[in-house]
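Subject: Structure handover

Hello,

Here is the structure I promised to pass on. My notes follow below it.

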Amino acid sequence: MGIIQNISDLKLQEARSHNHQRLFTAIVEALSKIYMFNYHIDLETKEFTEIVGLDYITQLLGTKGDAVHAFERFTTTLIDEKYQEDFKAFVDMTTLADRIGQQQNISLEYLSIKNRWCRASFIVVARNDAGIPVQL
């Protein structure tokens with residue numbers, strides 16, 4: 001027994017999906033250029049994944065792993081000593097969802113060890129059914 005099936009609609013859907021994915025990727029990459037580096041953070045697992053990074057940051061933190069450990073290393077290595085306590089409080093994963101609350105994002109300005117002013121931001125990507133941020 002043999003059959004022939006018209007899969008033109010399926011192939012058209014696949015092409016549209018592929019084009020949509022390429023457009024989405026291009027948009028994310030374009031928006032990511034606004035910032036020096038970007039990470040996806042899962043607040044439930046406390047894991048991060050690099051989206052766009054700088055070589056020296058990637059060498060320091062890797063491309064994925066434990067966000068708590070990564071922020072500790074980032075703080076002690078790259079932030080001016082006077083701003084380290086504020087930064088530690090800002091990136092505290094145990095209080096972050098509560099501090100964001102219903103806001104879309106929160107930010108902190110700090111001085112780097114290179115004597116450059118920087119702004120760190122957490123932007124909500126997803127919330128659970130109760131409205132609590134779960135991905136940044």
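Helix H1, residues 8–32, gives the largest share of a nonpolar patch, namely 3 residues. Please keep in mind that this is a predicted model.

**The nonpolar patch**

The patch lies on the surface and covers about 590 Å². Its members are Leu23, Ile27, Leu31, Ile34, Tyr35 and Ile123. Tyr35 sits in the loop between H1 and E1. How accessible is Tyr35? Its relative accessible area is 39%, so Tyr35 counts as partly exposed. Residues need over 30% relative accessible area to join a patch, and this is the cut-off that matters here.

**Salt bridges**

How many salt bridges does the structure hold? There are 3. As general background, side chains of opposite charge can pair when their charged atoms come close.

Start with helix H1. Lys11 pairs with Glu14 in a salt bridge, and their closest N and O atoms are 3.4 Å apart. Both residues belong to helix H1. They are 3 residues apart, about one turn of the helix. Lys11 has a relative accessible area of 48%, so it is partly exposed. Glu14 is partly exposed too, at 40%.

Next comes helix H4, residues 84–90. Here Glu85 forms a salt bridge with Lys88. The closest N and O atoms are 3.5 Å apart. Glu85 and Lys88 are 3 residues apart in the helix, so about one helical turn separates them. Glu85 counts as exposed because its relative accessibility is 55%. Lys88 is partly exposed, with a relative accessible area of 38%.

The remaining pair is Glu109 and Arg119. Their side chains meet in a salt bridge at 2.7 Å, N to O. This pair links distant parts of the chain, 10 residues apart. Glu109 is in strand E4 (residues 105–111), and Arg119 is in strand E5 (residues 117–123). Glu109 is partly exposed, at 47% relative accessibility. Arg119 reaches 55%, so it counts as exposed.

**A buried acid**

Now look at Asp42. Asp42 is in strand E1, which covers residues 38–42. Is Asp42 buried or exposed? Asp42 is buried, yet it has no salt bridge. The nearest side chain of opposite charge is Lys46, 7.4 Å away. A salt bridge needs the nitrogen and the carboxyl oxygen within 4 Å, so Lys46 does not qualify.

What does the side chain of Asp42 reach? It reaches the backbone nitrogen of Glu44, at 2.8 Å. Setting aside neighbours within four places in sequence, Asp42 is in contact with Glu47 and Val134.

**A buried alanine**

Last, Ala70. You will find Ala70 in helix H3, residues 67–78. Its relative accessible area is 9%, so Ala70 is buried. Which residues does Ala70 touch, not counting those up to four places away in sequence? They are Phe48 and Leu61. Ala70 and Phe48 are 22 residues apart in sequence. In space, their C-alpha atoms are 8.5 Å apart.

**Where to look on screen**

For the patch, go to Tyr35 in the loop between H1 and E1. For a salt bridge between strands, go to Glu109 in E4 and Arg119 in E5. For a buried acid without a salt bridge, go to Asp42.

Best wishes

Definitions and conventions: Residues are numbered from 1 along each chain as its sequence is written. This is a predicted model: local features need pLDDT of at least 70, side-chain atom pairs count only at pLDDT 80 or more; totals for chains, interfaces and linings use all residues. Side-chain values use heavy atoms; hydrogens and water are left out. Helices (H or I, at least four residues) and strands (E, at least two) are DSSP runs, numbered from the N terminus. Buried means under 20% relative accessible area, exposed over 50%, partly exposed in between (1.4 Å probe, protein chains only). Lys and Arg count as positive and Asp and Glu as negative; His and the chain ends are not counted. A polar contact is a pair of N or O atoms within 3.5 Å; within protein, one must be able to donate a hydrogen and the other to accept it, and residues adjacent in sequence count only if both atoms are side-chain atoms. Contact means heavy atoms within 4.5 Å. Patches are made of residues with over 30% relative accessible area and no salt bridge: like charges are joined within 9 Å, nonpolar side chains (Val, Leu, Ile, Met, Phe, Trp, Tyr) within 5 Å. Accessible areas come from the Shrake-Rupley method with a 1.4 Å probe; for residues, only the protein chains shown count as cover.
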